Amino acid sequence: MARRRMLVTAADTLIGSRTLNQLLAYDVSVRAIVGSQEQVNFLRQQYPSTRYPWLEIAIVPRSRLATPGAFDDALRDHPEPFDTIIHTVTDHSEEADCLSRFINIQTECLLNILRSINMINARVRRVIINTSLSPFARWLVEPDSGPHNPYNPTSHRTSEVDPEYILATSQASDNIVYTALWNWIREARARFELVYVTAPSVYGPQMQYLENSSDLQEANRRVWNICGSESYERLRAPPYGIEHYTDVRDFAVASVQAAFVQQAGNRRFMVSAGPMLSGAAIAQVLVGRFPELVGRVRFDTPPSRRQSTGLSPVGLADTQLTSTILGLRQYRRVEDTLVGIAEQIVDLQRRQNWRRIIQS
């Protein structure tokens, strides 16, 4: 029987890299797409050809991701055809001056790759879209994050973060994107099935070694900011008011299962482990596990964030399909997620302190 051949985009991101790592545990041939030669070198070190002979790597620069046809060369099925593509959504919020435009940009970027797949690779049978609500929440909290944005509504949008409003609006935005993709699938009579896998926000240890704090991706920056940063930074940090979360390792399991389970075709899945701990509770977990953080971790919570009602939001509570079809019935404990992130952060801080000592 021929080995299945799959393509994974954004393999240098938190979600994409964990998805690739999970996928390589199976007997499959994989092409991973990254954004630079530096990331190619990292994957070659992490997955040497002697142990992973069926892994090949292609480059699509981040500056081209929103361009139509950006993935065309990587999608070509030489030497063997692909049957499955796992695509991780990239945040393009810096290009949008209003929420509707941001939604349109996100939608069009996804339609671009679906059009390319439909045109170039006739043997693809399933496309899995991995996404989270965090990009929409980021735009709502930081709508002027782009350097060329002519508007500046931050003064009245970030003064108070209402988690329920942020979550509801982010979910509605994600619904619009999904509906547009599904309508295109039907109108274009695409030959492949679409599987849409969403997380509210994503935490978890990264595959790549941290060189500095800017390497932290997704909601992991929140854990870094709790380790002694100002409350203003903590307010604006990921996940921007999204209180529910998923461990990236659980999200990777769900994404890979979506590639293999036949019943997952043309379905939408929510992967949510429930609400993340409050900032003060996260701080308590950190100092309990890492004594060197005592005196550095801040236990206060941002005063300008409204408290949610504590009820499970519609959509996030409905993970039945994820459980019954994808088999993800138990999620990692929140403490395991936080400790995994903190271990990398503490290791980075130790190395930074050691460098300062050597230099002085």
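Visitor: Which residue stands opposite R4 in strand 2?

Guide: In this predicted model, R4 has V28 of strand 2 as its opposite number. That pair belongs to a wider match: strand 1, residues 4–8, and strand 2, residues 28–34, run parallel and are joined by five bridges.

Visitor: How many strands does the sheet have, and in what order?

Guide: Seven strands form an open sheet, and reading across gives the order 3-2-1-4-5-6-9, with parallel pairing. Strand 3 (55–59) and strand 9 (268–270) are the edge strands, since each of them pairs on one side only. On average, neighbouring strands of this sheet are turned by 15° against each other, direction ignored.

Visitor: Now for empty space. How does one find where it is left?

Guide: The general idea is to roll a probe the size of a water molecule over the atoms, which shows where empty space is left. Here, the largest pocket holds about 1,100 Å³ of space.

Visitor: Which residues lie nearest the centre of the largest pocket?

Guide: They are T13, R62, L216, Q217 and E218, out of a lining of 43 residues. By class, that lining has 17 polar, 15 nonpolar and eleven charged residues.

Visitor: Which helix gives the largest share of the lining?

Guide: Helix 2 does, with six residues. If you want to trace the walls on the structure, look for helix 1 (14–23), helix 2 (37–46), strand 5 (126–132) and helix 5 (134–141), each of which supplies at least two lining residues.

Visitor: What about cysteines: how many disulfides does a search of the whole structure find?

Guide: The search finds zero disulfides. You can still look at how individual cysteines sit.

Visitor: Is C109 buried or exposed?

Guide: The cut-off helps here: under 20% relative accessible area means buried, and over 50% means exposed. C109 has 12% relative accessibility, so C109 counts as buried. C98 has a relative accessible area of 29%, so C98 is partly exposed.

Visitor: Let me try a residue in a loop. Where does T319 lie?

Guide: T319 is in the loop between helix 11 (279–289) and helix 12 (320–324). Apply the cut-off again: the relative accessible area of T319 is 17%, so T319 is buried.

Visitor: What separates the C-alpha atoms of T319 and V271?

Guide: Along the chain, T319 and V271 are 48 residues apart, while in space their C-alpha atoms are separated by 6.4 Å. Try finding both residues in the structure above.

Key:
Residues numbered from 1 in each chain as written. Predicted model: local features only at pLDDT ≥ 70, side-chain atom pairs only at ≥ 80, totals over all residues. Heavy atoms only, no water. 1 Å grid on protein atoms, 1.4 Å probe; cavity = no way out; pocket = protein on both sides within 12 Å on 5 of 7 lines; lining within 4 Å. Points joined across faces, edges and corners; volume = space filled by probe spheres on them. Helix = DSSP H or I, 4+ residues; strand = E, 2+ residues; numbered from the N terminus. Nonpolar A, V, L, I, M, F, W, Y, C, P; charged D, E, K, R; others polar. Disulfide = S-S within 2.5 Å. Buried < 20%, exposed > 50% of the residue type's maximum accessible area, 1.4 Å probe, protein only. Pairing = 2+ DSSP bridges. Axes fitted to C-alpha atoms, helices over the stretch in contact; angles between N-to-C directions.
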